[in-house]
Amino acid sequence: MLSYRHSFHAGNHADVLKHIVQTLIIESLKEKEKPFLYLDTHAGAGRYQLTNAHATRTGEYLEGIARLWQQEEVPELILPYLEAVGSLNTSDELRYYPGSPLLAAKLLREQDLLMLTELHPTDFPLLRTEFSRDKRVRVCREDGFGQLKSKLPPASRRGFALIDPPYDLNKIIVRLLKALWKAINVSPLGPMQFGILLCIANKLNGC
């Protein structure tokens, strides 16, 4: 599982789809003033350089964010997503792409909280450095699936969990489904507004 590096795949078509859906969920939660928790079980490095050896080796971003970046007219619904990407690129050149935690940080408000977990020994220090000055964010080197049980429900009773683990082990699917079941059934004490984005279809199809 720890052999997977998202830096080879950042900004590809699956990332674009995932992050547009992520943005729409976050924007929906922001319609109420009450704060909410964003929980990312497998957060990765935070941001990715599209001009480094990993990204250029696969070139996957060229069929993803690069194609959307070139469009002069886009649907209004995806403008917050593109504005977040644009905030990392000060010129017209597309050099950086936000991972899901950095995208969330760009979209969340001052009163909202982010809980990010990552186990990879290379990505975790990058993630911690990325958010070292953001008081809204807690970065943990822990098992992301365990966070679903220990951190839910949040005190605000509102939140969003993004579950996108590497799928290079067959057993991960079983763990994911068990963790998802626990997350769905974790709150017997009353209603809460909580969204879960499970990123699985593209991985199972080998994309």
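Let's start in the sheet, where Leu37 has Leu113 in strand 4 as its bridge partner. This is a predicted model, so read everything below as a description of that prediction. The pair belongs to a longer match-up: strand 1, residues 37-40, and strand 4 run parallel and are joined by four bridges.

Now look at the other partner of strand 4. Strand 4 covers residues 113-117, and it also pairs with strand 5, residues 137-140, again in the parallel sense and over four bridges. To find your way along this pairing, pick out Leu114, which stands opposite Val137 in strand 5, and then Met115, which stands opposite Arg138. How does the chain get from strand 4 to strand 5? It passes through helix 6, and the resulting β-α-β crossover is right-handed. As a reminder while you look at these strands, side chains in a regular strand alternate between the two faces of the sheet.

With strand 1 on one pairing and strand 5 on another, is strand 4 mostly covered or mostly open? Mostly covered: four of its five residues are buried. Strand 4 also feeds the largest nonpolar core. That core has 34 residues, and the ones touching the most other members are Ile26, Tyr38, Ile65, Tyr81, Leu114 and Leu116. Besides strand 4, the elements giving two or more residues to this core are helix 1 (13-29), helix 3 (65-69), helix 4 (79-86), helix 5 and strand 6 (158-163). Which of them gives the largest share? That's helix 5, with five residues.

Helix 5 deserves a closer look. It spans residues 100-107, and seven of its eight residues are buried, so the rest of the structure largely encloses it. The buried ones are Ser100, Pro101, Leu102, Leu103, Ala104, Ala105 and Leu107.

Next, go back to helix 1, which is where His13 lies. His13 counts as partly exposed because its relative accessibility is 42%. Follow the chain 52 residues from His13 and you reach Ile65, yet the two C-alpha atoms are separated by 7.0 Å. Ile65 is one of those core residues that touch the most other members.

Helix 6, the crossover helix, turns up again in the second largest pocket, which has a volume of about 220 Å³. There are 14 lining residues, and Ala45, Arg47, Tyr48, Gln49 and Leu126 are the closest to the pocket's centre. Strand 2 (47-49) and helix 6 (123-130) each supply at least two residues of the lining, with helix 6 making the largest share at four residues. What sort of surface is that, by class? The lining has four nonpolar, six polar and four charged residues.

One last stop is Arg157, in the loop between helix 7 (144-150) and strand 6. Its phi is near 65°, a positive value in a residue other than glycine. Arg157 counts as partly exposed because its relative accessible area is 22%, and the cut-off for buried is under 20%.

Note on methods
Residues numbered from 1 in each chain as written. Predicted model: local features only at pLDDT ≥ 70, side-chain atom pairs only at ≥ 80, totals over all residues. Heavy atoms only, no water. 1 Å grid on protein atoms, 1.4 Å probe; cavity = no way out; pocket = protein on both sides within 12 Å on 5 of 7 lines; lining within 4 Å. Points joined across faces, edges and corners; volume = space filled by probe spheres on them. Nonpolar A, V, L, I, M, F, W, Y, C, P; charged D, E, K, R; others polar. Pairing = 2+ DSSP bridges. Right-handed = clockwise from strand over helix to strand, strands pointing away. Buried < 20%, exposed > 50% of the residue type's maximum accessible area, 1.4 Å probe, protein only. Core = buried A, V, L, I, M, F, W, Y, C linked by side-chain atoms within 4.5 Å.
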